[in-house]
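Please open the model in your viewer and keep the sequence panel beside it. The tour below proceeds by selections, and each stop says what to pick and what is there.

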Amino acid sequence: MEKIKHTTVATNGINMHVASIGTGPAVLFLHGFPELWYSWRKQLLYLSSRGYRAIAPDLRGYGDTDAPPSITSYTALHVVGDLVGLLDEFGIEQVFLVGHDWGALIAWYFCLLRPDRVKALVNLSVVFRSRNPATKPVDQYRALFGDDFYICRFQEPGVAEEDFAQIDTARLIKKFLGGRSPKPPCVPKEIGFRGLPDLRTLPSWLSEEDVNYYASKFSQKGFTGGLNYYRCLDLQFDFTTCICISMLPEPQSAQIKIPVKFMVGDLDITYHIPGIREYIQNGGFKKDVPECDDTLSCD
């Protein structure tokens, strides 16, 4: 870990913390919520030992990267802009891109908006779906799961933050990262996230040291930056991002035309959202991502 270099890069109006190691073809890793560059620490070390330049930033709003106060500063357009500026600062023309969770969603947008900067993509958990102009995402989730669905709970500024503040940050991180239930996370307001059951034991891949690292950073930074990505979900389908997507020839049927490997776990909640399994298995995903290698579902 001490071999990993940490730098601060000025990009797109913010200062971004970046962890990197190695030389050779560049691989850019994008983390999810509630995560950090640290989620990719083992991949950084592994790929750098095999001739790659491995790069993992704290995304806008996370860790040691700036967190602009405005909710509307967290659209995919902003975050992709941050990453393009990072590549420019590092003098990198193209990268292999890897994303997980929210990082996967940002990676899909990256490939739509700047395919010239991506050699190939490995994405985990969140599928790409072309824009549905009829219904906004939060309305879709509310119709499927009700107001208690966690994404719906995240929408009102300050509410989730107040809930999170009622519990030790390390305990909260364990609840988020250690869950294994594929059921949609629905959290009644009277119970809150603080009322979710605690883990009896950590999974083998997550140590107390890891939890404490995440907890230390989120205790300093807070969760608002990461939550603002959820609060911009509808905005991705609204004014700001639509302007950007309108640059594409057919925005409603836009495709990812880059070599892709997509993987999702059998117990991943995203895989159990109604319609997603069928979308993957019945050819819809392959139509939208025509250069995708065989999709893997991993236990």
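How many of the ten residues of α7 are buried? Bear in mind, while selecting them, that this is a predicted model. Seven of the ten are buried, so α7 is largely enclosed by the rest of the structure.

**Helix α7 and its surroundings**

Show the side chains of Thr169, Ala170, Leu172, Ile173, Lys175, Leu177 and Gly178, which are the buried residues of α7, and then add α6 and α8, against which these residues pack. At the start of α7, select aspartate 168, where a side-chain oxygen reaches to within 3.1 Å of the backbone nitrogen of alanine 170.

From here, pick phenylalanine 164 and phenylalanine 193, both of which are buried. Their ring centres are 5.3 Å apart and their planes stand at 85°, so the pair is edge-to-face. Phenylalanine 164 lies in helix α6 (residues 159-164) and phenylalanine 193 in the loop between α7 (169-178) and α8, so the pair ties together parts that are 29 residues apart in sequence.

**Helix α1 and a second aromatic pair**

Move to helix α1, residues 41-48, and colour Arg41, Leu44, Leu47 and Ser48, which are buried. Viewed around the axis, these residues cover an arc of only 145°, which puts them on the same side of α1. To see what they pack against, display β2 (14-21), β3 (26-30), β4 (53-57) and α8 (208-221).

In the loop between β3 and α1, select proline 34 and inspect the peptide bond that leads to it from phenylalanine 33, which is cis, with omega near -10°. Most residues other than glycine have a negative phi, and most peptide bonds are trans.

The structure holds 33 aromatic pairs, and one of them is formed by tryptophan 37 and tyrosine 38, whose ring centres are 5.8 Å apart with planes at 85°, so this pair is edge-to-face. Tryptophan 37 and tyrosine 38 are both buried. For a ring with a charged partner, go to tyrosine 279, where arginine 129 lies over the face of the ring, at 4.4 Å from its centre.

**Two residues with positive phi**

Select asparagine 12 in the loop between β1 (5-11) and β2; its phi is near 55°, a positive value in a residue other than glycine. At 43% relative accessibility, asparagine 12 counts as partly exposed.

Next, select serine 125 in the loop between β6 (118-124) and α4 (137-145), which has a positive phi of about 90° although it is not a glycine. Is serine 125 buried or exposed? Serine 125 is buried, with a relative accessible area of 5%.

**From serine 125 to aspartate 268**

Keep serine 125 on display and add aspartate 268, since a polar contact of 2.7 Å joins the side chains of the two residues. Aspartate 268 is placed in the loop between β7 and α12 (276-281), and with a relative accessible area of 18% it is buried. A polar atom of the aspartate 268 side chain also lies 2.8 Å from the backbone nitrogen of threonine 270.

**Valine 260 and strand β7**

Step back along the chain to valine 260, in strand β7 (residues 260-265), which is buried at a relative accessible area of 4%. Leaving aside its neighbours within four places in sequence, valine 260 is in contact with Trp108, Leu121, Val289, Glu291, Cys292 and Asp293. By way of contrast, draw a distance to proline 157, which is 103 residues away along the chain: the C-alpha atoms of proline 157 and valine 260 are separated by 35 Å.

**The cysteines**

How many disulfides does a search of the whole structure find? The search finds zero. Select cysteine 111 and cysteine 292 to look into this: the sulfur of cysteine 111 has its closest cysteine sulfur in cysteine 292, 11 Å away, too far for a bond. Cysteine 111 counts as buried, at 4% relative accessibility.

As a last selection, take cysteine 152, which is in no disulfide and whose nearest cysteine sulfur, that of cysteine 186, is 8.3 Å away. Cysteine 152 is likewise buried, with a relative accessible area of 8%.

Notes
Residues are numbered from 1 along each chain as its sequence is written. This is a predicted model: local features need pLDDT of at least 70, side-chain atom pairs count only at pLDDT 80 or more; totals for chains, interfaces and linings use all residues. Side-chain values use heavy atoms; hydrogens and water are left out. Buried means under 20% relative accessible area, exposed over 50%, partly exposed in between (1.4 Å probe, protein chains only). Helices (H or I, at least four residues) and strands (E, at least two) are DSSP runs, numbered from the N terminus. The arc is that of the directions from the helix axis to the C-beta atoms. Contact means heavy atoms within 4.5 Å. Rings of Phe, Tyr and Trp (its six-membered ring) pair if their centres lie within 6.5 Å; planes under 30 degrees apart count as stacked, over 60 as edge-to-face and the rest as tilted. A charge sits over a ring if NZ of Lys or CZ of Arg is within 6 Å of the ring centre and within 35 degrees of the ring normal. A polar contact is a pair of N or O atoms within 3.5 Å; within protein, one must be able to donate a hydrogen and the other to accept it, and residues adjacent in sequence count only if both atoms are side-chain atoms. A disulfide is a pair of cysteine sulfur atoms within 2.5 Å.
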